[in-house]
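Here are my notes on the model you passed along. I've kept to two spots, a strand and a pocket, so have the structure open as you read.

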Amino acid sequence: MSHHYSGPDFGFPRGDARLDLTDLYAFPKPGDARKSILIMNVHPSAFVNPPGPTTTEPFAPEGLYEFKIDTDGDAVADIAYRVRFSTSEGGGQTATLRRVVGAQAAGMDDSGQIIVEGAPVSMGPEARVAESGEYRFFAGWRSDPFFFDVPGAKNDLQFTGEDFFADKDVCSIVLEVPNSALVPTRLGLWARTLVGTGDRWVQVDRGALPAQAVFLVGTERDAYLAGEPGDDSRFVAVFAHALEHAGRYAPDEARRVAATLLPEMMSYDPTRPASFPANGRTLTDDAGDAFLAILTNGKVTEDGVEAHNDLLAEFPYLGPPHSVPRRVETSYVTGVDLAVDGGPQ
């Protein structure tokens with residue numbers, strides 16, 4: 001199910017849908033090879049157990065949302081983009097984007113150089129886009145681009161092609177960034193969410209590749225979601241055991257395959273076309289099928305579900321949300337060098 005519902009019993013980390021990381025995407029900007037698009041989706045619009053809608057507030061004001069970037073292959077972040085959100089006022093929020101490099105990028109705080117400040121969060125179908133220098137930024141409700149037959153997966157992989165996510169929404173953070181700010185080489189990407197507790201930050205979710213959490217249960221899952229890619233070798237045996245059970249892998253082969261899934265980072269070279277799992281991930285890549293093939297040792301390779309047809313050809317690329325929360329319009333004050341496209345919802 002991608003990384004949706006990474007908490008226990010198809011729930012959310014710490015029971016908070018706003019902190020649930022669902023998917024990470026990275027691909028060159030269409031029509032401009034000098035830039036890349038990074039997308040972090042969080043906050044599924046619907047509960048699974050029990051069924052029903054989640055909160056209409058898009059992002060947690062007490063949370064921190066981060067893109068993490070390893071530039072030298074040691075599975076430790078060298079660059080981070082951090083997003084904080086305001087409290088809801090009249091149903092609306094604003095966002096602040098910061099960039100941090102070096103040793104601070106691997107830390108747990110909300111410091112960094114401000115790139116965008118006071119950007120309005122989109123609550124309705126019209127995408128409100130902020131620009132600052134060579135950056136573009138979007139945050140708000142969007143149609144969930146992930147596609148997968150969840151009922152079939154829960155029915156012993158008996159797929160019927162029913163797309164659970166066809167009418168679902170997520171909250172998206174979309175960043176257009178110059179490749180010069182990423183260092184144009186092969187990168188390791190992941191995303192994470194944190195929550196402020198007292199005087200410190202606590203990581204509650206992280207991910208880069210689809211469905212990694214399915215290999216883990218109980219305290220192992222909690223430890224994994226709270227961990228760092230640089231420490232992922234400790235989970236190879238756990239992943240291998242799950243592969244032996246699900247795909248009937250031989251023990252040695254299970255360990256070999258498990259080692260290819262860890263450390264959990266998405267490999268991305270901005271100078272090459274994106275295609276999951278080799279390089280980044282586009283919004284139409286069938287990550288669900290790729291995961292099935294690994295999980296089942298090639299016995300099941302597809303679920304019969306195709307990519308969604310509501311994607312946009314331009315920034316922020318994700319389609320408008322299916323359901324628009326009702327809210328009271330709020331006035332926003334934006335910073336210098338910040339232009340906002342799109343009127344009041």
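Which element gives the most to the lining of the second largest pocket? Point 1 takes that up, and bear in mind throughout that this is a predicted model.

1. The answer is helix 5, which puts 4 residues into the lining of the second largest pocket. Helix 5 covers residues 287-295, and the other elements giving two or more residues to this lining are strand 12, helix 4 (251-261) and strand 14 (266-268).

2. As for the pocket itself, its space comes to about 410 Å³. In total, 22 residues line the second largest pocket, and those nearest its centre are L209, T260, M265, S267 and P277. Sorted by class, the lining has 14 nonpolar residues, 6 polar ones and 2 charged ones.

3. Now have a look at strand 5, residues 63-70. It is mostly covered, with 8 of its 8 residues buried. In a regular strand, side chains alternate between the two faces of the sheet. Here both faces are covered: one side carries G63, Y65, F67 and I69, the other L64, E66, K68 and D70, and all are buried. Note that E66, K68 and D70 are on that buried list.

4. Strand 5 has two pairings worth tracing. With strand 12 (residues 187-197) it pairs in the antiparallel sense over 8 bridges, and K68 has W190 as its bridge partner there. Strand 6 (residues 79-85) also pairs with strand 5 in the antiparallel sense, over 5 bridges; in strand 6, V83 is the bridge partner of Y65.

5. One link between the two spots: strand 12 pairs with strand 5, and strand 12 also gives two or more residues to the lining of the second largest pocket.

How values were computed: Residues are numbered from 1 along each chain as its sequence is written. This is a predicted model: local features need pLDDT of at least 70, side-chain atom pairs count only at pLDDT 80 or more; totals for chains, interfaces and linings use all residues. Side-chain values use heavy atoms; hydrogens and water are left out. Buried means under 20% relative accessible area, exposed over 50%, partly exposed in between (1.4 Å probe, protein chains only). Two strands pair if DSSP finds at least two bridges between them. On a 1 Å grid over the protein atoms alone, a cavity is a set of points where a 1.4 Å probe fits but cannot get out, and a pocket is an open set with protein on both sides within 12 Å along at least five of seven lines; lining residues have an atom within 4 Å of a point. Grid points are joined across faces, edges and corners, and a volume is the space filled by probe spheres set on the points. Ala, Val, Leu, Ile, Met, Phe, Trp, Tyr, Cys and Pro count as nonpolar, Asp, Glu, Lys and Arg as charged, and the others, Gly among them, as polar.
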